[in-house]
Amino acid sequence: QVQLVESGGGLVQTGGSLRLSCAASGRPVNTYRMGWFRQAPGKEREFVAAIKPSGWPTYYADSVKGRFTISRDNAKSTVYLQMNSLKPEETAVYYCAVERKGDSSVRDATTYDDWGQGTQVTVSS
C-alpha cells in the first residue's frame, strides 16, 4: 500500500484560494496515477482532478476547470491541488488517492487503491 496524508485544508471565504498537499510514502509513486476527490456529509464521493504519473495529461471535473490545478512532484512524492475562486458548495472533505494497478478509468473512484484520511475544506458564505 501507499500511505497518503493530506494537508492544507481550512476555512476560506467565498472566492478565496487554498492549496492542498498530499504526501505519499510506503512505495514509489512515480508510476502511479493520483487523484483528488471530495465528499460532503450525506453525499457521494465526487471526482475533482487526476494526474498521470509523468504529470501530463491532467483531468478535471467540469465544475472546477479553469479554477483548480493539479500537479505533482515525484521527487517529493507529493501531489498538489491549487483551488481558486472557491464556492460554498465546494465545502467538503478532500481526499487524495492513488491508482497503482494500471486501471485507465481516471474519473472512477472505485479504481483507486489507496486513500488518505482527508482534509476539511470549508468555504464560508
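## A salt bridge within one loop

Asp-113 has a relative accessibility of 23%, so Asp-113 counts as partly exposed. The model is a predicted one. The side chain of Asp-113 meets that of Lys-101 in a salt bridge, at 3.7 Å from N to O. Both residues sit in the loop between E9 and E10, twelve residues apart, and the pair links distant parts of the chain. Lys-101 is exposed, with a relative accessible area of 64%.

## Arg-100 and Asp-114

Arg-100 and Asp-114 also join their side chains in a salt bridge, with an N to O distance of 2.6 Å. Arg-100 belongs to the loop between E9 and strand E10 (114-115), while Asp-114 lies in strand E10, so this pair ties together parts that are 14 residues apart in sequence. Asp-114 has a relative accessible area of 2% and is buried.

## The wider set of salt bridges

The count of salt bridges comes to seven. One of them joins the side chains of Glu-90 and Arg-38, at 3.4 Å from N to O. Glu-90 is in the loop between E8 and E9 and Arg-38 is in strand E4, so the contact ties together parts that are 52 residues apart in sequence. Glu-90 and Arg-38 are both buried.

This pair also takes part in a network. Salt bridges link Arg-38, Glu-46, Arg-67 and Glu-90.

## A buried arginine without a salt bridge

Arg-72 is found in strand E7. Arg-72 is buried, yet has no salt bridge. Asp-73 offers the nearest side chain of opposite charge, 8.3 Å away. The cut-off for a salt bridge is 4 Å.

What lies around the polar atoms of the Arg-72 side chain? The backbone oxygen of Val-29 is 2.7 Å from one such atom. The backbone oxygen of Ile-51 is 3.5 Å from a polar atom of this side chain. Residues up to four places away in sequence aside, Arg-72 touches Val-29, Asn-30, Tyr-32, Arg-33, Met-34, Ile-51, Lys-52, Pro-53, Gly-55, Thr-78 and Val-79.

## The disulfide

The structure holds one disulfide. Cys-22 and Cys-96 form it, with their sulfur atoms 1.9 Å apart. Cys-22 lies in strand E3 (residues 18-25) and Cys-96 in strand E9 (residues 92-99), so the pair ties together parts that are 74 residues apart in sequence.

The torsion about the S-S bond of Cys-22 and Cys-96 is about 55 degrees, so the disulfide is right-handed. Cys-22 counts as buried, at 0% relative accessibility. Cys-96 counts as buried too, at 0% relative accessibility.

## The nonpolar core

In soluble globular proteins, nonpolar side chains tend to be buried together. Here the largest nonpolar core has 37 residues. Trp-36, Leu-81, Met-83 and Tyr-94 have the most contacts inside this core. The elements giving two or more residues to the core are E3, strand E4 (33-39), strand E5 (46-51), strand E7 (68-73), strand E8 (78-83), E9 and strand E11 (119-124).

Which residues does Tyr-94 contact, leaving aside its neighbours within four places in sequence? Tyr-94 is in contact with Trp-36, Leu-81 and Met-83. Its other partners are Glu-6, Leu-20, Phe-37, Arg-38, Val-48, Gly-118, Thr-119 and Val-121. Among the contacts of Tyr-94, then, is Arg-38, a member of the salt-bridge network.

Methods:
Residues numbered from 1 in each chain as written. Predicted model: local features only at pLDDT ≥ 70, side-chain atom pairs only at ≥ 80, totals over all residues. Heavy atoms only, no water. Disulfide = S-S within 2.5 Å. Helix = DSSP H or I, 4+ residues; strand = E, 2+ residues; numbered from the N terminus. Buried < 20%, exposed > 50% of the residue type's maximum accessible area, 1.4 Å probe, protein only. Core = buried A, V, L, I, M, F, W, Y, C linked by side-chain atoms within 4.5 Å. Contact = heavy atoms within 4.5 Å. Lys, Arg positive; Asp, Glu negative; His and termini not counted. Polar contact = N/O pair within 3.5 Å; in protein donor to acceptor, adjacent residues only side chain to side chain.
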